[in-house]
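Trainee: I would like a close look at a single part of this protein, starting from one residue and working outward. Please keep the reasoning visible.

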Amino acid sequence: MSAQQSFESVDATADALAAVDYLTDRPLALAVHLAVLLEQPLLLEGEAGVGKTEVARALAEATGSRLIRLQCHEGIDLHHAVYDWDYARQLLALRAAEGGADEGELFSPRFLLRRPLLDALESEEPVVLLIDEVDRSDDEFEAFLLEFLSDFAVTIPELGTVSADRRPVVVLTSNRTRELHDALKRRCLYHWIDYPSASREREIVRARIPGVPEAIAERVVRAVGRLREQGDLYKLPGVGETLVWAQALVAVGDDASLDETLGAALKVHEDVLRVREREVLEGV
């Protein structure tokens, strides 16, 4: 079944994502539906841990597509993102030919190392291309992405231009460590993912941790809500931390203590001290 068939309506999109345990509200389901229907890249922004990356994973699973992930970082370039040459194999081929190999043989597809973007273009099967944390890349790479998302093609000087026969569904994520350029944003559909409501977060816990006691789901979600209300913590817990905290309480059992397992939700020492000093979790 193609992505278009699985995601033929907003409700069908929400149901398809829910079937792979990704629970979404209507605005996000609409954004995903339009990205698939219009073949437009989808830019997802939001705080770390709200489930941006999971959208791409769930989309790939729900549509039976292959997930290809490009993890962006400072200094990323074409050799990390698109292609490189296997210089070691080229050298061995040159030695085996005793210097008789010509340039065309050495720069043939068999010596090409396909990185995520080229892999997505050449794939014969449906692909969801995740360009994760694009805000961590620099301006130069962002300019290249703008061109890539316009044409879904790349030029390899030794081989020519490679174009996609089937456009991948593209999901870009950003934690807003810096502002992205307007030109890139204009290429994309946009959606901001906020922290879920308490009722939705309880549903997520139940879906992701089958058999979790209702008391633990309720307690963890209430505790995470208290932590998110603190305006001066370095790092607020995301949905991922909620799930890990619930799993920790299930593992510890009846004697589980929120304070003792606080490291499942908070990952900065000063945040842990601040929460304990203020007794934020008192009575939860």
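At what relative accessibility does L70 stand, and does L70 count as buried or exposed?

Mentor: The model is a predicted one, and what follows is computed from it. L70 has a relative accessibility of 3%. The cut-off for a buried residue is under 20% relative accessible area, so L70 counts as buried.

Next, the setting of L70. L70 belongs to strand β2, which runs over residues 66-71. Leaving out residues up to four places away in sequence, L70 touches I76, H80, A81, P116, L117, L130, I131, D132 and F141. One of these partners, L130, is 60 residues from L70 in sequence, yet the two C-alpha atoms are 6.1 Å apart in space. Contacts across long stretches of sequence are also a feature of the whole chain: of the contacts with a separation of 6 or more, 71% are between residues 24 or more positions apart.

L130 and D132 lead on to another residue, T53, since they are among the contacts of L70 and also among those of T53. T53 sits in helix α4, residues 52-63. With neighbours within four places in sequence set aside, T53 is in contact with R69, L130, D132 and T173. T53 also counts as buried, because its relative accessibility is 19% and the limit is under 20%.

L17 is another buried residue, with a relative accessibility of 1%. L17 lies in helix α2, residues 10-19, and its contacts beyond four places in sequence are F7, Y22, T24, A58 and L59. L17 and V32 are 15 residues apart in sequence, with 9.9 Å between their C-alpha atoms.

For scale, 46% of the 284 residues of the protein count as buried. The protein has 14 helices and nine strands, and its C-alpha atoms fill a box of roughly 80 × 40 × 35 Å along the principal axes. Its accessible surface comes to about 14300 Å², and carbon and sulfur atoms account for 48% of that.

Now for helix packing. Two packed helices are described by the angle between their axes and by the distance between those axes. Helix α11 (residues 198-208) gives two cases to work through. With helix α13 (residues 239-252), α11 packs at an angle of about 55°, and the axes are 10 Å apart. That angle is neither under 35 degrees nor in the range 65 to 115, so α11 and α13 are oblique to each other. The crossing of α11 past α13 is right-handed. On the α11 side the residues are E201, I204, V205 and R208, and they meet V239, T242, L243 and A246 in α13. Sorted by class, this contact has five nonpolar residues, one polar and two charged.

With helix α12 (residues 214-228), α11 packs at an angle of about 135°, and the axes are 9 Å apart. Roughly antiparallel would need an angle over 145; α11 and α12 are therefore oblique to each other. Their crossing is right-handed. Here A198, E201, R202, V205 and R206 of α11 meet E214, A217, E218, V221, V224 and R228 of α12. By class, the contact of α11 with α12 has five nonpolar, no polar and six charged residues. E201 and V205 of α11 take part in the contact with α12 and also in the contact with α13.

Last, two points of backbone geometry. Most residues other than glycine have a negative phi. E39 is not a glycine, but its phi is positive at about 55°. E39 lies in the loop between α3 (26-38) and β1 (42-45), and it is partly exposed because its relative accessible area is 41%. E279, again not a glycine, has a positive phi of about 55°. E279 lies in the segment after α14 (269-278) and is exposed, with a relative accessible area of 52%.

To return to the starting point: L70 is buried at 3% relative accessibility, sits in strand β2, and has L130 among its contacts.

Key
Residues numbered from 1 in each chain as written. Predicted model: local features only at pLDDT ≥ 70, side-chain atom pairs only at ≥ 80, totals over all residues. Heavy atoms only, no water. Axes fitted to C-alpha atoms, helices over the stretch in contact; angles between N-to-C directions. Helix = DSSP H or I, 4+ residues; strand = E, 2+ residues; numbered from the N terminus. Left-handed = near helix turned anticlockwise from the far one by under 90°. Contact = heavy atoms within 4.5 Å. Nonpolar A, V, L, I, M, F, W, Y, C, P; charged D, E, K, R; others polar. Buried < 20%, exposed > 50% of the residue type's maximum accessible area, 1.4 Å probe, protein only. Areas by Shrake-Rupley, 256 points an atom, 1.4 Å probe, with all protein chains shown as cover.
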